[in-house]
Number of protein chains: 4
Amino acid sequence: MIIVVKKGSDKKQVDNLLKWITHQGLKVDVSVGDNSTVIGLVGDTSKIDIDLVHSMDIVDTVKRIQEPYKCANRKFHPEDTIVDIGGHKFGGDNFQIIAGPCSIESEKQIIGIAEAVKKAGANLLRGGAFKPRTSPYAFQGLRENGLDLLVKAKQETGMPIVTELMSIRHIDLFKDVDLVQIGARNMQNFELLKEVGRMGKPVLLKRGLANTIEEWLMSAEYIMSEGCKDIILCERGIRTFEPLTRNTLDLSAIPLLKELTHLPVIVDPSHASGLSRLVKPLSLAAVGVGADGLMVEVHNDPPHALCDGAQSIRPEQFADIVSRIDIMLPLVNKVKK
Amino acid sequence: MIIVVKKGSDKKQVDNLLKWITHQGLKVDVSVGDNSTVIGLVGDTSKIDIDLVHSMDIVDTVKRIQEPYKCANRKFHPEDTIVDIGGHKFGGDNFQIIAGPCSIESEKQIIGIAEAVKKAGANLLRGGAFKPRTSPYAFQGLRENGLDLLVKAKQETGMPIVTELMSIRHIDLFKDVDLVQIGARNMQNFELLKEVGRMGKPVLLKRGLANTIEEWLMSAEYIMSEGCKDIILCERGIRTFEPLTRNTLDLSAIPLLKELTHLPVIVDPSHASGLSRLVKPLSLAAVGVGADGLMVEVHNDPPHALCDGAQSIRPEQFADIVSRIDIMLPLVNKVKK
Amino acid sequence: MIIVVKKGSDKKQVDNLLKWITHQGLKVDVSVGDNSTVIGLVGDTSKIDIDLVHSMDIVDTVKRIQEPYKCANRKFHPEDTIVDIGGHKFGGDNFQIIAGPCSIESEKQIIGIAEAVKKAGANLLRGGAFKPRTSPYAFQGLRENGLDLLVKAKQETGMPIVTELMSIRHIDLFKDVDLVQIGARNMQNFELLKEVGRMGKPVLLKRGLANTIEEWLMSAEYIMSEGCKDIILCERGIRTFEPLTRNTLDLSAIPLLKELTHLPVIVDPSHASGLSRLVKPLSLAAVGVGADGLMVEVHNDPPHALCDGAQSIRPEQFADIVSRIDIMLPLVNKVKK
Amino acid sequence: MIIVVKKGSDKKQVDNLLKWITHQGLKVDVSVGDNSTVIGLVGDTSKIDIDLVHSMDIVDTVKRIQEPYKCANRKFHPEDTIVDIGGHKFGGDNFQIIAGPCSIESEKQIIGIAEAVKKAGANLLRGGAFKPRTSPYAFQGLRENGLDLLVKAKQETGMPIVTELMSIRHIDLFKDVDLVQIGARNMQNFELLKEVGRMGKPVLLKRGLANTIEEWLMSAEYIMSEGCKDIILCERGIRTFEPLTRNTLDLSAIPLLKELTHLPVIVDPSHASGLSRLVKPLSLAAVGVGADGLMVEVHNDPPHALCDGAQSIRPEQFADIVSRIDIMLPLVNKVKK
């Protein structure tokens, strides 16, 4: 960390700052220039609150040199992490597709879709049981019953299952879930992150609505600091000024994340735009940009879905997308296994 | 709600849409034009998922006419809600100031600050016991012990207390807290909102980092739909592209909220910018724009604070701000009681 | 256009509004509901200022049904526009690659790069003569001399040339330029747009730093309303809160634009992120999402470039990207001709 | 400027970078740490392109210590600049109000409004002759004729006049204009900025739609580097994700600008929100935050205005706002002269 102290700052205040830094167990390297004094901090600065330093009156600017995340940092863990979900691998040269309906609605529905997406090339099944909805009056998912139906679909098809956890009250219900999803709105629900990190299960961590890549990795760090090593990141679009799409899919984040972290990164093209007709082009773009996989909403009867149905595609459209992805994968040195 | 159907849409699909709408208990009013067909929905549309409708292939655009919130809507509740916290009123022509440290650090610290801010003109005491921190390695607050110290300060000074609830696990610990704060990062933690709504306590609901005014009111609606009527909204800055301030304080939101809702709205000038030297000008601006109160971080020894200290001001600076506010209040038809 | 009038509005004011609308040559269709009155406007509403209507005290909300652009609108021009630049076609099933250095530096440099990118598969040559720089102290391009060198490279290699026009003072200098670029910072320089529309040349219109898709099409409309029909849109990233990339490339805009307009749309992966190592993944993503072409910065000696050099890739890296694109094109039904 | 070089970077590349820096006339100070090498640049770094350095493969991060603007920088010019427009002073402890209609429509209209706002307390008259409109089909202002009418109003009332310059073609027409406005959409029209800087007139520089404070000051620097010293900055709202207001007024920018620059800063509450009923609260907020003045749209007959009329307030509302401002000014140590 480098701290630039304002020209003409009170010497006593500067000394206090230096004392405070060394008190945190760090060494300092001070170089005095004509217009400013630059303090270099040597040691583990991850505990230093950069906002606190920035807000001090004598501080002009402050800049981290070392990223504040450790467990998730590729610098300290150069090899790709491979997350194995029921025999299906995320990370490295693997490419995985998770598919399924937005909401679980009935046994017939979830098993029907599971079979269809498995046939079309998906390896994991997703389905919403607990649904985060902006309105308290909107359908909130089948909740416990939805989970039971998802587990049935797993038994029936052999596909590992992925679903969202919204509250620590539901942790015990998730014992048969293979990959626990933390949704965008809970990305900085820090108390939930800590408890999820102690569940002993792999976690799918979606990016928050308007969170930076660094904050996202810090949320992964929360989970990892509790002992969990198997995290898959999922880009799902960020909030911008553009009104025509619900979110703006930030595909540049994928190659950047591959540099910064060893964790696998997948893309959710369905929630990104909120428009089912954009799922195909955004899926191919996600493959081109180097994602480790996709999570796609597929529905057997979109017009009758209870929730978000229209952002879902039908099984035959999904199969068409998968067939094009299969051709693209060698171009990005990936294999679907 | 008005739905504009694309020109040349399949008649069967349009009929399906009309059937689906009437199945939700609404009436439709269809008018066919040269370039599009416009469907007006008559009745309570708050359960209709606008994103779902928007994503249908035959739909060109869709627009709500009626706001999706009811309990929080001024249309159905024209008088200002007055929230009484231990005899101090928020809303109407009242102006209230909440003050205190970012984090509770010791009995001496919290009682010392409480006495200082009370003397300077604050009516309520704030202090962080559970702290939402971006990094798992940063100080997370004194937690249970912090709450105990805050309650001691309440007993000592008679000031009602405000502090943040981060997890449903801590609800029982909050029995002596007068105003329960939901922080920005939990504004869309819907499971928490529901349980908070059943606590039987007034709630201070901060705006999320990048949430719209409508989403904010929908989160208030979550709490109100569980029976809670006493909600105070708190604007604390939103995320923009500007890097010089931590957030951009959205003061235009205050007069807009006064139109849309009957709930009181206060401003947090400390977290908005992250710079203590901006607290004074932003406080006066908040009064000018018509806020019902302020929540200000005050510290007796900013350079030694464990967290966010530097965004705090000292008691003498706080007293100067309060004295200027007192002169301004008649201009905006407010009284500090 | 649909205007929702507030409940309980003054009848005289509503009548004034209706009179004003009919005075603009439009018909009105009024339907009175319990909570609001809805006015439908029938006719050409492109001259109606939606902001003006929105700001009227009696207006609750207002919503356009018809897009405010006509010449650029696919509804009135369903077939793809094909823009022919010196025999190279943009639009339809064609895919084109424009390549060249950020700044023109010397005859040797520009001809060297032109030959290299032509060999690797580019059909058009780009190069900056007039450079828009945030700082007045930064290198502003070789200006007139740069243009002369670019024309020499055109003569030498037969490649059509593309370069940015920043001022109406330079229009006469552009007589040998094949495709006139309007940069992001001038996207809403309306006086320039009008004059460019009268130049009789095809125009490459970049998206503004923080402009919506609709504003972008309205700027195309400015050019087209002066008689120019040959416009190519170029997505180059938008401004968001994410600090790790200079801009966030908005690839969802491509398939949306293909619905809204008949004009070709290309992608600039170099300026989008400001990081040369992201050019390859973003180029493949742009192909996957359905772009009609790419504009890529290529430099023969990046470390010595005078400007933006490091966001450029070298010819051999460019050739590798082109070879992968060639394999991808059939998947998106495109051909490089 | 501080450059952090990645661990394990190729020594030859690092040497090239050091050579390139010293070639720019700067000295370097290199300190090698365990995880990175830090290069400090000593000297005038304003010509260094930070984006170029950032994009180099061996560079981890780069941070400016010195701001890239000089003429506009308070560090090199500690006293407030006072801009005198026809005897009315901006900056220091002065507070000025500019008022007038969005568009000039007729002699009667502009003179009528001028007299009304002068009586209510405005010192300068604004009025749009050339109007930047998103749509080519919208009213573009009376242009040359509008300017003539504005000059007549100046002769009639003695008020100095302010109006927007959109093209270098119109410079000669502006000889009687006292304060030349550069609008938000032209804030980075660098060729226009340079020519405006040579006009020998004071300039009112509005903030761009989505420009940072630093970019805004760099645009002021463009004008100042051509010899102009009299620049007034005008905050008018920035683009965010919030749809209820046209822009989000960034009032935190005002106290920040007072630290960074010696130039006066005023606020435009009319364009900020696009809602006339927000003009009063935002005006009082602007005074509270320490602005040097206001620019307010006032109209004598809002419902019949040709453009933006509804964001205008009437003279009697304007007079009410001014009377409240008069009471507030002593609180912020300002005087209206």
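Reader: At 45% relative accessibility, as what does K75(C) count?
Author: This is a predicted model, where local features need pLDDT of at least 70, side-chain atom pairs count only at pLDDT 80 or more, and totals for chains, interfaces and linings use all residues; side-chain values use heavy atoms, leaving out hydrogens and water. Residues are numbered from 1 along each chain as its sequence is written, while chains are lettered from A and ligands numbered from 1 in the order in which they are written. Relative accessible area (1.4 Å probe, protein chains only) sets the class: buried is under 20%, exposed is over 50%, and partly exposed lies in between. At 45%, K75(C) therefore counts as partly exposed.

Reader: Which residue of chain C meets K75(C) in a salt bridge of 3.1 Å?
Author: A salt bridge needs a side-chain nitrogen of Lys or Arg within 4 Å of a carboxyl oxygen of Asp or Glu. The partner is at 14% relative accessibility, so it counts as buried. The N to O distance is 3.1 Å, and the partner is E67(C).

Reader: Which residue of chain B does K75(C) meet in a salt bridge?
Author: Two salt bridges are found across the interface of chain C and chain B. In one of them, N and O are 3.6 Å apart, and the side chain facing K75(C) is that of D60(B).

Reader: How much area do chain C and chain B bury between them?
Author: The contact (heavy atoms within 4.5 Å) involves 19 residues of chain C and 20 residues of chain B. Buried area is the accessible area (1.4 Å probe) that two parts lose on being put together, summed over both. Carbon and sulfur atoms hold 63% of it, and the total is about 1,300 Å².

Reader: Which residue of chain C comes closest to the axis that relates chain C to chain B?
Author: Copies are superposed by least squares on C-alpha atoms of residues with pLDDT of at least 70 in both. Chain C goes onto chain B by a rotation of 180 degrees, with 0.0 Å of shift along the axis and an RMSD of 0.0 Å. The same surface serves both copies, with 100% of the contact residues of chain C recurring in chain B. At 2.2 Å from the axis (C-alpha), the closest residue is F241(C).

Reader: In chain D, which C-alpha is nearest the axis that relates chain D to chain C?
Author: A turn of 180 degrees and a shift of 0.0 Å along the axis lay chain D on chain C, with an RMSD of 0.0 Å. That is the relation of a two-fold axis. At 3.0 Å from the axis, the nearest C-alpha in chain D is that of A210(D).

Reader: How much area do chain D and chain C bury between them?
Author: Each chain brings 58 residues to the contact. Of the interface residues of chain D, 98% are also interface residues in chain C, so the copies meet through the same surface. Carbon and sulfur atoms account for 49% of the buried area, which comes to about 4,800 Å².

Reader: Which residue of chain D meets E195(C) in a salt bridge?
Author: Between chain D and chain C the count is six salt bridges. In one of them, N and O are 2.5 Å apart, and E195(C) meets R169(D).

Reader: How far apart in sequence are K70(A) and D44(A)?
Author: K70(A) forms a salt bridge with D44(A), with the closest N and O atoms 3.1 Å apart. K70(A) sits in the loop between β4 (59–63) and β5 (83–85), and D44(A) in the loop between β3 (36–42) and α2 (50–55). Helices (H or I, at least four residues) and strands (E, at least two) are DSSP runs, numbered from the N terminus. The pair links distant parts of chain A, and the separation is 26 residues.

Reader: Which residue of chain C is linked with R207(A), E235(A) and D250(A) in a network of salt bridges?
Author: Over all chains, the whole structure has 98 salt bridges. Some join into a network, where R207(A), E235(A) and D250(A) are linked with E242(C).

Reader: What share of the residues of chain A counts as buried?
Author: Chain A has 10 helices and 14 strands. Its C-alpha atoms fill a box of roughly 75 × 45 × 40 Å along the principal axes. Of its 337 residues, the buried share is 67%.
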